[in-house]
Amino acid sequence: MSHTGSVGGQPGSQRITDRASVLSEPTLAYAELVAGNRRFVGGAPRHPNQDAGRRAAVADGQHPFAVVVGCSDSRLAAEIIFDRGLGDLFVVRTAGHTAGPEVLGSVEYAVTVLGTPLVVVLGHDSCGAVQAAREAAATGTAPSGHLRAVVDAVLPSLRRAEAEGVDDIDGIVDIHIAQTVETLLGQSPVLAEEVARGRCAVVGVSYRLAAGAVRPVAAVPAGFATLDAPTESTDPAAPATV
């Protein structure tokens with residue numbers, strides 16, 4: 001992992017600095033992600049920050065504007081569904097977006113060292129990890145190997161869903177996304193402090209595999225994710241619409 005560092009005289013260094021200042025607020029960072037997802041859903045992605053100039057500009061430092069704690073599902077590539085490029089997103093992926101010590105440490109690194117203002121928990125409908133945990137709970141049979149750790153991490157969400165009377169898989173997924181948001185904040189005093197001071201926000205979103213759209217499920221501060229994306233991108237590094 002690279003620290004923010006200085007990009008010195010690298011091509012595009014001023015663009016990096018400008019972009020980092022514009023997207024240093026959680027609200028603007030979230031709006032940028034929503035705008036990118038809308039472009040992806042509408043079939044008009046810009047593919048920003050994916051050229052040789054951008055590659056050179058971020059070689060000596062990074063200023064990601066969002067941390068994405070996402071499911072490892074092969075259909076859930078964050079840079080694609082949010083229409084972003086190199087240096088934009090700090091991505092941590094595990095099956096079922098389960099959050100162990102390594103995930104928590106990665107999030108804390110991005111938020112405290114890189115100054116990233118937004119943490120996004122990215123889940124999706126028909127999640128295989130949730131389905132595996134549900135089957136294990138129903139049959140009383142734990143999976144073999146390290147898969148058991150994934151299932152065990154999802155089981156609290158299943159118990160919460162049962163207590164709330166939710167039994168459809170996508171409803172359980174939403175609860176699991178919210179549970180992961182709470183886990184990140186509950187197990188990381190560092191992240192909780194950044195949120196309490198207003199320097200960071202945590203948002204849980206659910207991705208629809210067929211439609212390609214994300215929708216907010218949970219957010220801290222509460223109500224944060226009701227924001228609409230701007231008509232035009234707030235990112236000066238993004239190319240103009242063609």
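Two strands pair if DSSP finds at least two bridges between them. Keep that in mind for the sheet of this predicted model.

**Whole chain**

Start with the protein chain in cartoon. Its secondary structure comes to nine helices and five strands. Walk from the N terminus, and the elements run α-α-α-β-α-β-α-β-α-α-α-α-β-β. Colour by burial next. Of the 242 residues, 47% count as buried. Now consider contacts between residues at least 6 apart in sequence: 73% of them join residues at least 24 apart.

**The sheet**

Select the five strands. They form an open sheet in the order β2-β1-β3-β4-β5, and the pairing is mixed. Look to the edges, where β2 (89–94) and β5 (214–220) stand. Each has a single partner strand, so one side of each is left without a neighbour in the sheet. Turn the view along the sheet: the twist averages 20° from one strand to the next.

Add helix α5, residues 101–113. This helix packs on the sheet and touches β1 (66–71), β2 and β3. Its direction makes about 175° with that of β2.

**Strand β3 and its partners**

Zoom in on β3, residues 118–124. On one flank is β4 (residues 201–207), paired with β3 in the parallel sense over seven bridges. Pick out two of the residue pairs. Leu122 has Val205 of β4 as its bridge partner. His124 has Tyr207 of β4 as its partner.

Switch to β1. This strand also pairs with β3 in the parallel sense, over four bridges. Select Val68, and Val120 of β3 stands opposite.

Is β3 enclosed or open to the outside? Seven of its seven residues are buried, so the strand is largely enclosed by the rest of the structure. Show the side chains to see both faces covered. Leu118, Val120, Leu122 and His124 lie buried on one side. Val119, Val121 and Gly123 lie buried on the other.

**Helices α6 and α7**

Select residues 128–139 for α6 and residues 147–163 for α7. They pack at an angle of about 80°, with their axes 9 Å apart. The two helices are therefore roughly perpendicular to each other. From α6, show Ala129, Val130, Ala132, Ala133, Arg134, Ala136 and Ala137. From α7, show Val150, Val151, Val154, Leu155 and Leu158. Together these residues make the contact. By class they divide into 11 nonpolar, no polar and one charged.

**Helices α8 and α9**

Move on to α8 (residues 169–187) and α9 (residues 189–196). Their axes are 5 Å apart, and the packing angle is about 100°. This pair, too, is therefore roughly perpendicular. Which residues make the contact? On α8 they are Leu184, Leu185 and Gln187. On α9 they are Pro189, Leu191, Ala192 and Val195. The contact has six nonpolar, one polar and no charged residues.

Stay with α8 for a last check. At 1.5 Å a residue, its 19 residues should span 27 Å. Place a distance between the end C-alpha atoms: they are 26 Å apart, which agrees. Then colour α8 by burial. Here 14 of the 19 residues are buried, so the helix is largely enclosed by the rest of the structure.

Technical notes: Residues are numbered from 1 along each chain as its sequence is written. This is a predicted model: local features need pLDDT of at least 70, side-chain atom pairs count only at pLDDT 80 or more; totals for chains, interfaces and linings use all residues. Side-chain values use heavy atoms; hydrogens and water are left out. Axes are lines fitted to C-alpha atoms, for helices over the stretch in contact, and angles run from 0 to 180 degrees between N-to-C directions. Contact means heavy atoms within 4.5 Å. Angles under 35 degrees count as roughly parallel, over 145 as roughly antiparallel, 65 to 115 as roughly perpendicular and the rest as oblique. Ala, Val, Leu, Ile, Met, Phe, Trp, Tyr, Cys and Pro count as nonpolar, Asp, Glu, Lys and Arg as charged, and the others, Gly among them, as polar. The expected span of a helix is 1.5 Å times one less than its number of residues. Buried means under 20% relative accessible area, exposed over 50%, partly exposed in between (1.4 Å probe, protein chains only).
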